[in-house]
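Could you walk me through this fold, with an eye on its open and enclosed spaces? An informal tour is fine.

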Amino acid sequence: MKKHILFLFALAIGGIYSFGLMAEEPLSEAEEAICDVVESLDWKYEGKYRLSLSKSTLSVPEGYIAFIGEDARKFHEAVECERDNKLEAFVASDDFQNSIYFSCFNDGYVSISDWNSVNSSSLLRSIQENTEKANVKKRSKGLSTLRVLGWVQEPVLDKHTNTVFWAIDAINENTGESVINSVALRLGRKGFEKVVWVTDRENYKAFGGELDVMLRSHSFDPGYRYSDFSKGDKVASYGIASLVAATVGGKIVKSGGILLGLKKLWGVIFAAIAGLFYKVKGWFKGDSNEN
């Protein structure tokens, strides 16, 4: 029973949960393999954890669970069938209604001098186009597809914390459920940390929500903060406007002469499954004492 609950949990987060999958159905060999991975991971709870890639610290609050470092990458690889070496932490609220992803990009100090060239309308079109491209592949595999409705919050730069954030409203075309993808780019001395919060519209809060909680829980270590920049440090070949465009899938950024295609919005990829977390919680907790 425990393995089946773990499988449902992993499967839901991976975006391939099926309402037709019932606890009494036998697991396939591939499903068993996912269970084995998730069960073997080191589940973290309330406490402070070092994020080695970004030289930062994450203080996991009470009421959350987390996978840190290699465990986060193993988890992602198990449920998404691909490895993400930028991912350094996965956090979920213990009611499974919220998931937060921390990814590190050490491309150098990012200037904010070009912020005024950010074009929200163009960015939104890019998000919609790239989401539809992803939907073609999803349909071929029988997975849920997404339709991006628009901005809940257009990109905003907070110069006090050197953080850009935005939020997008999307809908699961198979279930009709609305989901929110909220993203923050926190700038540091060596690069930036990308923080993605996925939830449904009912749980979303523009201020004081899970993204704010996670941003308050995360900090670059002394010497690696944005304000610690020193002459001679590596500077990214792109500014904040180009970074935002690339992060939402709008453009390809040149970095050091190499075309750097930053990934599509993490949250859009995972958004379809945010509303399923609470369904897993009861099964998982009820099974926590089983071997």
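What volume does the second largest pocket have? In this predicted model, the second largest pocket comes out at about 270 Å³. It has 20 lining residues, and the ones closest to its centre are Phe165, Ala206, Leu211, Asp212 and Leu215. Sorted by class, the lining of this pocket holds nine nonpolar, six charged and five polar residues.

Where does that lining come from? At least two residues each are supplied by S6, S7, S8 and helix H5 (210-217). H5 gives the largest share, with five residues.

It's worth pausing on H5 itself. Six of its eight residues are buried, so the helix is largely enclosed by the rest of the structure. Those buried positions are Glu210, Leu211, Val213, Met214, Leu215 and Ser217. Two of these names should ring a bell: Leu211 and Leu215 are also among the residues closest to the centre of the second largest pocket.

Now for the strands. S6, S7 and S8, which we just met in the pocket lining, belong to an open sheet of seven strands with antiparallel pairing. Reading across, the order is S3-S4-S5-S9-S8-S7-S6. Strand S3 (64-68) and strand S6 (146-158) are the edges, each pairing on one side only. From one strand to the next, the twist averages 15 degrees.

Zoom in on one pair within that sheet. Strand S7 (residues 163-172) and strand S8 (residues 178-187) run antiparallel and are joined by nine bridges. To follow the register, start at isoleucine 168, whose bridge partner in S8 is asparagine 181. Helix H4 (residues 120-140) packs on the sheet, where it touches S6 and S7. The direction of H4 makes about 140 degrees with that of S6.

One last stop: the closed spaces. Rolling a probe the size of a water molecule over the atoms shows where empty space is left. How many cavities of 30 Å³ or more does a search of the whole structure find? The search turns up two. The largest cavity contains about 50 Å³ of space. Its lining is made up of Ser54, Cys104, Asn106, Arg189, Lys190, Gly191, Phe192, Phe220 and Tyr224. By class, those residues split into four nonpolar, three polar and two charged.

Definitions and conventions:
Residues numbered from 1 in each chain as written. Predicted model: local features only at pLDDT ≥ 70, side-chain atom pairs only at ≥ 80, totals over all residues. Heavy atoms only, no water. Pairing = 2+ DSSP bridges. Helix = DSSP H or I, 4+ residues; strand = E, 2+ residues; numbered from the N terminus. Axes fitted to C-alpha atoms, helices over the stretch in contact; angles between N-to-C directions. Contact = heavy atoms within 4.5 Å. 1 Å grid on protein atoms, 1.4 Å probe; cavity = no way out; pocket = protein on both sides within 12 Å on 5 of 7 lines; lining within 4 Å. Points joined across faces, edges and corners; volume = space filled by probe spheres on them. Nonpolar A, V, L, I, M, F, W, Y, C, P; charged D, E, K, R; others polar. Buried < 20%, exposed > 50% of the residue type's maximum accessible area, 1.4 Å probe, protein only.
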